[in-house]
Amino acid sequence: MRTVLITGGASGMGLAIAARFAEGGDRVVLGDIDTARLAEAGAALGPAATTVHADVTRPADCAALVAAAVAAGDGLDVVVNSAGVWVEGPTAEASEADFDRTLAVNLKGPFFVCRHAVPALRESRGCIVNIASDAGLVGNAGAAIYSASKGGVVLMTKSLALELAPMGIRVNAVCPCDVATPMIEFQASTYGQGDPAGYKANLLARYPQGPRARFATPQEIAELVYYLASPAAAPITGAALPIDFGLTAGY
Ligand SMILES: NC(=O)c1ccc[n+]([C@@H]2O[C@H](COP(=O)([O-])OP(=O)(O)OC[C@H]3O[C@@H](n4cnc5c(N)ncnc54)[C@H](O)[C@@H]3O)[C@@H](O)[C@H]2O)c1
């Protein structure tokens, strides 16, 4: 039985990823700051799941989360960094607090989870999957802070893939488009200027599918993450894979 650590495991993609690995017979360890959702996730996933309150902006919490995962099973096989926050708005109005919080959750967190997981992953010849974003591959007008954080995740992923390859550790990123999770609802209600449906319609208007455009589901992202952590993906490392209906393919 593999042990799989998932940050942001209480909601959205992290929760769907945890469910996919649990369904495949793996032990899952979920780290999150949302205590209530964490308890719900633990109850829904059953005995295969361990939940840990962990704030990934705190390196000590990242270390404790990794230690809890190692203790829950017999080592650590897979790390999925899914915890993240969204922020947008005109750069001329951006606050230092928004910059610091977004970079801390989206970039510093994954770095320190990886940093503390390396010894255990070296033992298992395991792998890391980071959830980046289409906004980590191409610029996103109005979301410079978020885009910078996810662009950082993409190049951190590639750098770690090269550094850790001699240890037998693979490191990849997935770059989803808009996904139907609580984060999208948060974006639409917070930044939609009173028209969340219009906000979401504007997002979908960017897709090449025209009127058939839709958000990806968290389960679709989870399936790719599950594949990347499987033996079949042995040749894949250092990749930043778009899963985005062609959104970042070009004009
Ligand atoms: N939803 C999208 O459209 C979309 C698109 C591309 C990439 N992403 C990225 O995918 C990842 C998952 O997003 P989601 O849509 O599932 O969002 P979500 O809001 O449903 O889940 C994110 C989880 O991260 C947790 N979290 C936030 N700050 C944390 C911290 N400091 N420490 C630990 N946990 C923390 C939250 O409590 C939440 O449970 C994020 O990194 C996000 O940036 C999302």
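In this predicted model, helix α2 is followed by Gly 46, a residue whose phi is positive, near 80°. The helix that precedes this glycine spans residues 35-45, and its buried residues are Leu 38, Ala 41 and Leu 45. Seen down the axis of α2, these buried residues fall within an arc of 65°, so they line one face of the helix.

**Helix α2 and its surroundings**
- The buried residues of α2 pack against helix α1 and against two strands, β2 (27-32) and β3 (49-53).
- On the other side of α2, the exposed residues are Thr 35, Ala 36, Ala 43 and Ala 44.

**The shell around the ligand**
- There are 29 residues around the ligand, and those that come nearest are Gly 8, Ser 11, Gly 12, Gly 84 and Thr 181.
- The elements that contribute two or more residues to this shell are the helices α1 (12-23) and α6 (182-191).
- By residue class, the shell around the ligand is made up of 14 nonpolar, ten polar and five charged residues.

**Val 138**
- Val 138 lies in the loop that runs between strand β5 (127-131) and helix α5 (144-164).
- Val 138 has 16 other C-beta atoms within 10 Å, and because a residue counts as buried at 20 or more and as exposed at 12 or fewer, Val 138 is classed as partly exposed.
- Although Val 138 and Ala 249 are 111 residues apart in sequence, their C-alpha atoms are 9.8 Å apart in space.

Technical notes. Residues are numbered from 1 along each chain as its sequence is written. This is a predicted model: local features need pLDDT of at least 70, side-chain atom pairs count only at pLDDT 80 or more; totals for chains, interfaces and linings use all residues. A residue is near a molecule or strand if its C-beta atom, placed from the backbone, lies within 6 Å of it. Helices (H or I, at least four residues) and strands (E, at least two) are DSSP runs, numbered from the N terminus. Ala, Val, Leu, Ile, Met, Phe, Trp, Tyr, Cys and Pro count as nonpolar, Asp, Glu, Lys and Arg as charged, and the others, Gly among them, as polar. The arc is that of the directions from the helix axis to the C-beta atoms. Two residues are in contact if their C-beta atoms, placed from the backbone, lie within 7 Å.
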